[in-house]
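Colleague: Hi! I'm new to this one, could you walk me through it?
Modeller: Happy to, here it is.

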Amino acid sequence: MKRDLQRIYLLLVIVSVIMIGALAALFWGVQLEADRTKLSAILATASAWELDAATDLQALSDLIADSSPPLRVTFMRRDGVVLCDSESDAALMDNHADRPEVLEALEQNIGESVRQSSTLSIPTLYAATKVSDSLVLRLSYPLEVVTQVLAQYFLFALALLIAGFFILRHSIAQFARRLIWQFDCVRQLLENRGAREDDIDRRVCDEFRPLLRDISLKINKLYYDLSEVRREQNLRRALTADISHKLKNPLTSIIGFAEMLADGKKRTDFELSQYAGCIVREGNHLKKTVEEMLLQAQSETVPPSERTEIDLKTMSREIVMSLEPVRRDKQITVSIHGNGRYKARRSDMHEILYNLIINAILYGRQHGKVEIALENGMITVVDDGIGIAQEDLSHLFERFYRAKEAIARNPYGSGLGLNIVMNCVHRYGGDVFVTSEPAKGSRFAVVLPLDDEDQWGLCEE
């Protein structure tokens, strides 16, 4: 038994080391991708410059380097001769024509590589681009911080494992024998359909006696309690997942418009007002979402007192406006046809429209179109994007389900959007349908019940 436990402990140590290595690799990859994105943004800006012989390259390299220390900036000719450098004297520097990133940039306009720096002796990220036919810009970013963090991480993990090994090795065998013997006693007593008080006092140590007495008295009730616990846990997980999805939507819009305001481009007062208004509106929606989600979780039906008449066309326009950064990035044309009003909880209708519209934009094709129609108690959203495979259609509204094409297009989705749409529609006795064809697009149709007496129907303006 002792050898078995030692093997288990050794296995745990190995698994821990592997997990530490995996976490370290993940940290390295995330940090490297962040640095790569930073350099790519600078290179993308530089590729649009128009430089001539009168340009002060040294001053320009110093300006770029100061914007993101410890960034190093080098300008060179096409043949690799260094013209200026933000950290060294260009006259003393070697020819850079054989650098991998420079060779790749000359062939493909942009090149990058990660290797050990010959001057700093630490891993360094290099990126280069052709600024003109005769001029190449190279950026280098030392990964010193990442290396230091990883080294400290490994030293701490190694010290922790060694200390744990010496502390546990002495006591693990004795503790394990006692623990296994006690569990064996408990098993034998329970297999005999309960335990008598004298058996508990005679065969079980003091620490286990209260627990075993309780198990012996309530063993039949235990299964019922466990089923109730599982049900509560599932409900809590579902509520948490829905809340997370609902909070992400307005945050995406707020961040998108904030980035547009912060990008330094000149904008008209009208545009600034529009962007600020969208940020305020989505911020208020974010605040209301938490309150409405808690109320929504209490009941699957919506009482009439919580229903207000909603202008679906106005709401659709507001949602399209909130998704302007995403729509503009894909250059998709969005059109809204028809008019409709419906009595419902505002957050429910917002979730239905938002999820259908953002999906149509995210999975639409570049320069494509999205059409939203509101008429006869029906909301339809049609796109000409990637479409949905036939085998995925029957699972599309399941919680957390995502088709392979959707994961490839948007790996960060949660798989909850369409499930939330279906739940919201069902609260009003409606239904949602989808037809799709791969590479041609999809059509989602939400059918809502019309009730003239309660004024729950859609009507043309």
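Modeller: We can go through the sheets, a helix pair, some ring contacts and a few backbone details.

Colleague: Great. What should I know before I start?
Modeller: This is a predicted model, where local features need pLDDT of at least 70 and side-chain atom pairs count only at pLDDT 80 or more, while totals for chains, interfaces and linings use all residues. Residues are numbered from 1 along each chain as its sequence is written, and side-chain values use heavy atoms, with hydrogens and water left out.

Colleague: Okay, sheets. What is the order of the strands in the open sheet with antiparallel pairing?
Modeller: That sheet has five strands in the order 2-1-5-4-3. Strands are DSSP runs of E with at least two residues, helices are runs of H or I with at least four, and both are numbered from the N terminus. Two strands pair if DSSP finds at least two bridges between them.

Colleague: Which are the edge strands?
Modeller: Strand 2 (82-85) and strand 3 (110-116), each of which pairs on one side only. From one strand to the next, the twist averages 20 degrees.

Colleague: How many bridges join strand 1 to strand 2?
Modeller: Three, and these two strands run antiparallel. Met-76 stands opposite Val-82 in strand 2.

Colleague: Which helix packs on that sheet?
Modeller: Helix 3 (residues 100-108), which touches strand 1, strand 3, strand 4 (123-132) and strand 5 (135-142). The direction of helix 3 makes about 170 degrees with that of strand 3. Contact here means heavy atoms within 4.5 Å. For the angles, axes are lines fitted to C-alpha atoms, for helices over the stretch in contact, and values run from 0 to 180 degrees between N-to-C directions.

Colleague: And the sheet with mixed pairing, what is its order?
Modeller: It is an open sheet of five strands, ordered 7-9-10-12-11. Its edge strands are strand 7 (333-338) and strand 11, and each pairs on one side only. Neighbouring strands there are turned by 10 degrees against each other on average, direction ignored.

Colleague: How many bridges pair strand 9 with strand 10?
Modeller: Six, in the antiparallel sense, between strand 9 (residues 369-375) and strand 10 (residues 378-383). Glu-371 stands opposite Val-382 in strand 10. Strand 10 is also joined to strand 12 (residues 441-447) by six bridges, again antiparallel. Met-378 faces Val-447 of strand 12, and Thr-380 stands opposite Ala-445.

Colleague: What lies across this sheet?
Modeller: Helix 10 lies across strand 7, strand 9, strand 10 and strand 12, running at about 15 degrees to strand 10. The axes of helix 10 (residues 346-362) and helix 13 come within 9 Å and cross at roughly 145 degrees.

Colleague: Which residues of those two helices make the contact?
Modeller: Among them are Ile-352 and Leu-356 of helix 10, and Leu-418, Ile-420 and Val-421 of helix 13.

Colleague: Switching to rings: how many aromatic pairs are there?
Modeller: Two. Rings of Phe, Tyr and Trp (its six-membered ring) pair if their centres lie within 6.5 Å; planes under 30 degrees apart count as stacked, over 60 as edge-to-face and the rest as tilted. Phe-257 and Tyr-275 form a tilted pair, 5.3 Å centre to centre with 45 degrees between the planes. Phe-257 is in helix 6 (residues 209-262) and Tyr-275 in helix 7 (residues 269-298), so the pair ties together parts 18 residues apart in sequence.

Colleague: Is Tyr-275 buried or exposed?
Modeller: Buried, at 7% relative accessibility. Phe-257 is buried too, at 0%. Buried means under 20% relative accessible area, exposed over 50% and partly exposed in between, using a 1.4 Å probe and protein chains only.

Colleague: What about Tyr-342 and Tyr-428?
Modeller: They form an edge-to-face pair, 6.2 Å centre to centre and 80 degrees between the planes. Tyr-342 and Tyr-428 are both buried.

Colleague: Last topic: which peptide bond is cis?
Modeller: The one from Pro-69 to Pro-70, with omega near 5 degrees. Pro-70 lies in the loop between helix 2 (57-67) and strand 1.

Colleague: And what is the phi of Asn-376?
Modeller: Near 55 degrees, a positive value in a residue other than glycine. Asn-376 sits in the loop between strand 9 and strand 10, and is exposed at 67% relative accessible area.
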